[in-house]
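This report goes through a few features of one protein model. Please look at the sequence and the structure before reading on.

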Amino acid sequence: MASTPTRRTFIRRTAMLIGLAPFLGSCESCFERIRSRPIRRSLATLSDNDSIIETYRDAVAAMKALPSTDGRSWTRQAQIHQDHCPHGNWWFLPWHRAYLNAFEQICRDLTGNEDFALPYWDWTVNSSVPAPFWGDATNALFQSGRTATSSSTANPAMVGRPEIDSILDETDFFMFASGAATTQGQFATYGRLEATPHNYVHGFVGGIMGTYDSPLDPIFWMHHNMIECLWVEWNIVRGNANTSDTAWTNFNFAGNFFDTVGSPFDIQVGTTLLVPLLSYQFDGECGGAGGTARMRAALADTAALRAFLAEGGAPRIQVAQRFPFQEQLLLTTRAPVSARLPVDTQAVNAAIQRTGVERLLLRVEDVTPPRTESFFVRVFVNMPDASPATPIDDPHYAGSFAFFTDPGHRTDGPMGAYIVDISETLRRLNATQPAAAVDVQLVASPLHEAVPADDNLVIRGMALELARVLEQ
């Protein structure tokens, strides 16, 4: 009978996969290295010539100088994303975590700076592409062809602090982190973190960032590190459980990534869950006011955190009734579209009254996204005159979602679904008058000031789902 791995064996095996192996000597030095692991900091807290930014610039330059046949090279690292990245499914977060971590290890190795940690771009604080990423070809962090300029600012409806706090308040893993799938390339359901800030920022920056070759733009790694920071905040700091489904935790990213000598390696999803506890830590700034203090407090009991991350949890919501809309919709940049959902108004009004017990979810599925990702979609309820100019503080506003696709990327099946929780919008409107009908307005909102002509979104499926909040 095989013996149970000791704590030392467990740490050592895990460390071999996540880049701590070079630091392992005695077990004491191992744990000291973990305690003092590098801190990933917000770009907003760094000066333009900070040593962290300079190290990143040197690492990118070194990767660009390597031959494309080297697994550590700039172009080969980007090809990983084109070949393997999961989007619109539940492997989106752990895959990109492993991708970032392997990339960070290569940065450390090529620069000789073992204490280097990737910074992150907190778009809630700095809604423009940060200054170190501009200039010309002499700056390794500059990428030509971006749609955004140095003065362009991201839309607060998509990256503002209120929207991000709302996403962090989501307690269900699938609503937060994207839906269950059976293959790595399958589109299932976009969670709020992916559908809103993640997708939007790719399109906002534009150029190569609007494609699956986006890692060729150095800002990609800063953007995805913000997504990673928000997952850590949601999961470790705010105590929300990942799924406990073994189809997720046991999934293996086989040969997807390269180590510091350019050799491919495997990593299991369950192993990625421990990476922030072993290989790096965040400064807590992405969590908003008081985030740093909350981060430090959350990391105080690593044994409890390991257990929490390993166990996961069951889904928090379950669909009880579904009201499908059967007609195809064509949303254009010229005019919004409106759909009256064939709902049971008595059931909807009853659900509206049960705050915290039931949720009303708009599901938009089987879509053909806009060709150029030139707009995102705002969702309003019972507001026939909604337009791109309607402010997000209007009581009829329910939420937004954006797109990130690439015709050249391998996919398994149709595009995924987008879910917008319209519960609170209906409750606001219901405060003055019970819902006699549920009319949904979808508005194409341009990513930038120029409105592209004749771009459109085809929607072949939509439904209102009455979901029950399950006790945990």
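Which residues does Y56 touch, not counting residues up to four places away in sequence? In this predicted model, Y56 touches W74, F103, F116, L118, F133, L141, P218, W221 and M222.

**Nonpolar cores**

Y56 belongs to the largest nonpolar core, which has 132 residues. Along with W121, Y200, F257 and I422, Y56 touches the most other members of that core. Helix α10 supplies the largest share of the core, 13 residues. Another core lies apart from this one and has six residues, including A157, F380, Y397 and V443. In soluble globular proteins, nonpolar side chains tend to be buried together.

**Two helices in contact**

Helix α9 covers residues 192–205, and helix α10 covers residues 219–237. Their axes come within 11 Å and cross at roughly 165 degrees. Angles over 145 degrees count as roughly antiparallel, so α9 is roughly antiparallel to α10. The crossing of α9 and α10 is right-handed. On the α9 side, the contact is made by L193, P197, H198, V201, H202 and V205. On the α10 side, I219, F220, H223, H224, I227 and L230 take part. Of the residues in this contact, eight are nonpolar, four are polar and none is charged.

**Helix α4**

Helix α4 runs over residues 74–84, and its buried residues are W74, Q77, A78, I80, H81 and Q82. These buried residues pack against helices α3 (51–65), α5 (92–111) and α10, and against strand β3 (252–258). W74 of α4 is also one of the residues that Y56 touches.

**Three residues and their exposure**

The table lists the location and relative accessible area of F323, D366 and N382.

| Residue | Location | Relative accessible area |
|---|---|---|
| F323 | strand β6 (residues 317–325) | 10%, buried |
| D366 | strand β9 (residues 358–368) | 35%, partly exposed |
| N382 | loop between β10 (375–381) and β11 (397–401) | 26%, partly exposed |

Residues count as buried under 20% relative accessible area, and F323 is buried because its value is 10%. Leaving out residues up to four places away in sequence, F323 touches P342, V343, D344, M462, A463, L464 and L466. F323 and P336 are 13 residues apart in sequence, and their C-alpha atoms are 22 Å apart in space.

Backbone angles are the last point. Phi of D366 is near 50 degrees, a positive value in a residue other than glycine. N382, also not a glycine, has a positive phi near 55 degrees.

Technical notes:
Residues are numbered from 1 along each chain as its sequence is written. This is a predicted model: local features need pLDDT of at least 70, side-chain atom pairs count only at pLDDT 80 or more; totals for chains, interfaces and linings use all residues. Side-chain values use heavy atoms; hydrogens and water are left out. Axes are lines fitted to C-alpha atoms, for helices over the stretch in contact, and angles run from 0 to 180 degrees between N-to-C directions. Helices (H or I, at least four residues) and strands (E, at least two) are DSSP runs, numbered from the N terminus. Angles under 35 degrees count as roughly parallel, over 145 as roughly antiparallel, 65 to 115 as roughly perpendicular and the rest as oblique. A crossing is left-handed if the near helix is turned anticlockwise from the far one by less than a right angle, and right-handed if clockwise. Contact means heavy atoms within 4.5 Å. Ala, Val, Leu, Ile, Met, Phe, Trp, Tyr, Cys and Pro count as nonpolar, Asp, Glu, Lys and Arg as charged, and the others, Gly among them, as polar. A nonpolar core is a set of buried Ala, Val, Leu, Ile, Met, Phe, Trp, Tyr and Cys residues joined through side-chain atoms within 4.5 Å. Buried means under 20% relative accessible area, exposed over 50%, partly exposed in between (1.4 Å probe, protein chains only).
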